[in-house]
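Grab a pencil and work through these exercises with the structure open beside you. Try each task yourself before you read its solution.

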Amino acid sequence: MKQPRFLVPERIFFLDCARKYYTPAWIKRLILTVKEAGFNTFVIHFAEDMGLRLESKQYPWLAGGDHSLCVYGAANGRAEDDEKFITQEEMADIVRFAQSEGLEVIPSFDSPGHMNYAVKKYNAYYGSNISNYFHKNGHVAIVQGSSRKKEAAQMSYSRGIDITNAEAVTFAKNLYTEYGRFFRSLGCTKFDVGGDEPLGFGETIDESLSKWQNLEHWDAYARKLTGNPNAVAYDAFILYMNEICALMRSLGYESVRMWNDDVYRDFDTGYTGVTQLDPFVDVQYWLMNANGGKNTVFTYLDRGHKVLNFISHYTYYVLGFGSYHGVSAENLEKEWNAYLFDMEHPENNPTAPDARVLGGGYCLWSDTPAAETEDEVLAHLRPFIEAAGRRLLGKE
């Protein structure tokens with residue numbers, strides 16, 4: 001029997017259970033819901049800017065949340081959930097449950113950005129400072145998580161780690177190693193390492209230049225590591241991502257993924273190709289206008305990467321806002337498929353079937369945790385899950 005044209009191998013549901021604490025029982029209900037809709041893969045995104053919700057044995061003081069780091073203001077977080085997290089025993093049970101229902105599980109831990117919470121906790125516990133800072137013309141300013149609400153926590157705590165700081169990189173690698181070994185022991189073979197939005201949304205030093213051009217210490221670090229005077233801060237970022245991806249490969253992961261927004265970014269970085277992202281890295285395509293609108297999905301495919309379709313216009317549900325851009329479940333099902341990466345320019349979409357398109361998915365992002373209860377989340381999501389499931393199965 002002929003396969004549906006737009007059927008893809010990986011039909012992914014992506015759960016952000018870092019910003020908002022979800023009970024293990026609710027996560028199992030969600031797993032059953034997405035399985036029934038035709039999904040076969042479940043991403044567990046357990047670390048984010050305002051929480052790290054999976055127990056760490058190496059850093060037992062780390063897991064939890066911080067509602068004051070909510071990007072839309074502390075009142076939109078959930079203070080009562082700050083100390084809640086999923087134990088490794090509970091997570092192992094969740095993973096085994098998903099696998100018993102026929103779903104592959106992919107863990108997701110993001111760096112060097114989206115680590116506000118982890119950086120804040122580390123700095124407080126050790127009395128050290130692994131925060132990322134802008135450096136320009138003798139001035140220094142913290143890389144803010146966001147300045148949208150002008151709240152002190154968002155403006156005072158770093159978006160992530162300084163990748164030129166050996167202590168900071170060791171901390172990140174320790175977490176990747178611990179969580180990587182944990183999930184690998186449960187049979188997981190794919191890992192999402194993030195790499196998106198590392199420089200936050202707050203103010204910088206020289207506003208006439210891009211954030212990437214306010215990182216003189218990253219510039220110097222890149223030149224030192226490569227021996228190339230043309231290396232810039234962005235090269236340091238690529239070297240870091242390659243190092244993390246190599247670490248995950250060494251732990252036995254067959255696929256390592258990162259988001260597309262800062263893959264091959266040259267429009268505001270000064271990047272001239274001194275470094276190259278390892279083609280082994282699979283690219284999760286969410287931002288259609290990446291690299292100042294220069295990058296299409298072929299930017300990644302032509303360099304040897306395989307891709308996954310998470311185009312945000314259709315596949316994001318964000319707590320507090322609902323579906324991205326107000327797209328309805330009906331419109332999602334009518335207009336989207338896993339080969340539609342650019343709805344404005346048909347020539348920028350690969351022709352189905354294409355083995356380089358590994359799959360696509362639907363994402364729940366928990367940006368404003370207090371906006372919905374668990375039951376409300378599942379009720380609101382259900383029509384989107386069902387619509388996305390039918391499209392990922394290639395049903396016309």
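What follows is a set of exercises on a predicted model, each with a worked solution.

**Exercise 1: How confident is the prediction?**

Find the mean pLDDT of the chain, and say which helix has the lowest confidence and which the highest.

*Solution.*
Step 1. Start with the whole chain: its mean pLDDT is 96. Of its residues, 99% reach 70 or more.
Step 2. Now look for the extremes. Confidence is lowest in helix H4, residues 152-156, where the mean is 84. Confidence is highest in helix H2, residues 88-100, at 99.

**Exercise 2: Hunting for disulfides**

How many disulfides does the structure hold? Explain why Cys17 is not in one.

*Solution.*
Step 1. Recall what you're looking for: a disulfide is a covalent bond between the sulfur atoms of two cysteines.
Step 2. Here the count is zero.
Step 3. Check Cys17. The closest cysteine sulfur belongs to Cys363 and sits 13 Å away, which is too far for a bond. The cut-off is a sulfur pair within 2.5 Å.
Step 4. Try Cys245 too. Its nearest cysteine sulfur is in Cys188, 17 Å off, and Cys245 is in no disulfide.
Step 5. Are these two cysteines buried or exposed? Cys17 has 2% relative accessibility, so it counts as buried. Cys245 has 1%, so it counts as buried as well. The cut-off for buried is under 20%.

**Exercise 3: A three-stranded sheet**

Work out the strand order in the open sheet that holds E3, E4 and E5, and say which strands stand at the edges.

*Solution.*
Step 1. Put the strands in order: E3-E4-E5, with antiparallel pairing.
Step 2. Find the edges. Strand E3 (47-48) and strand E5 (64-65) each have a single partner strand, so one side of each has no neighbour in the sheet.
Step 3. Zoom in on one pairing. E4, residues 51-52, is joined to E5 by two bridges. In one pairing across these strands, Gly51 has Gly65 of E5 as its bridge partner.

**Exercise 4: Two helices crossing**

Describe how H2 and H5 are placed relative to each other.

*Solution.*
Step 1. Get the distance and angle: the axes of H2 and H5 (residues 166-185) come within 11 Å and cross at roughly 40°.
Step 2. Turn the angle into a word. That angle makes H2 oblique to H5.
Step 3. Add the handedness: H2 passes H5 in a right-handed crossing.

**Exercise 5: Strands tucked away**

Sort the residues of E2 by the way they point, then do likewise for E9.

*Solution.*
Step 1. Keep a general idea in mind: in a regular strand the side chains alternate between the two faces of the sheet.
Step 2. In E2, Thr41, Val43 and His45 point one way, while Phe42 and Ile44 point the other way.
Step 3. Five of the five residues of E2 (residues 41-45) are buried, so the strand is largely enclosed by the rest of the structure.
Step 4. Who's the neighbour? Strand E1, residues 10-16, runs parallel to E2 and is joined to it by five bridges. Leu15 has Ile44 of E2 as its bridge partner.
Step 5. Over in E9, Lys190, Asp192 and Gly194 point one way, and Phe191 and Val193 the other. Strand E9 (residues 190-194) is mostly covered, with five of its five residues buried.

**Exercise 6: Follow the parallel strands**

Starting from E6, trace the parallel pairings through to E12.

*Solution.*
Step 1. Two bridges link E6 (residues 104-111) to E9, and Ser111 is partnered with Gly194 of E9.
Step 2. From E9, three parallel bridges take you to E10. Here Lys190 has Ser255 as its partner in E10.
Step 3. E10 pairs with E11, again in the parallel sense, over three bridges. Trp259 is partnered with Gln284 of E11.
Step 4. Three bridges carry you on from E11 to E12, residues 307-309. Gln284 has Leu308 as its partner in E12.
Step 5. Pause at E11: Asp282 and Gln284 on one side and Val283 and Tyr285 on the other are all buried, and both faces are covered.
Step 6. Finish with Asn260, in the loop between E10 and E11. Asn260 is buried, at 0% relative accessible area. Its C-alpha is 5.8 Å from that of Val283, even though 23 residues separate the two along the chain.

Terms used
Residues are numbered from 1 along each chain as its sequence is written. This is a predicted model: local features need pLDDT of at least 70, side-chain atom pairs count only at pLDDT 80 or more; totals for chains, interfaces and linings use all residues. Side-chain values use heavy atoms; hydrogens and water are left out. Buried means under 20% relative accessible area, exposed over 50%, partly exposed in between (1.4 Å probe, protein chains only). pLDDT is the predictor's confidence in each residue, from 0 to 100. Helices (H or I, at least four residues) and strands (E, at least two) are DSSP runs, numbered from the N terminus. Two strands pair if DSSP finds at least two bridges between them. Axes are lines fitted to C-alpha atoms, for helices over the stretch in contact, and angles run from 0 to 180 degrees between N-to-C directions. Angles under 35 degrees count as roughly parallel, over 145 as roughly antiparallel, 65 to 115 as roughly perpendicular and the rest as oblique. A crossing is left-handed if the near helix is turned anticlockwise from the far one by less than a right angle, and right-handed if clockwise.
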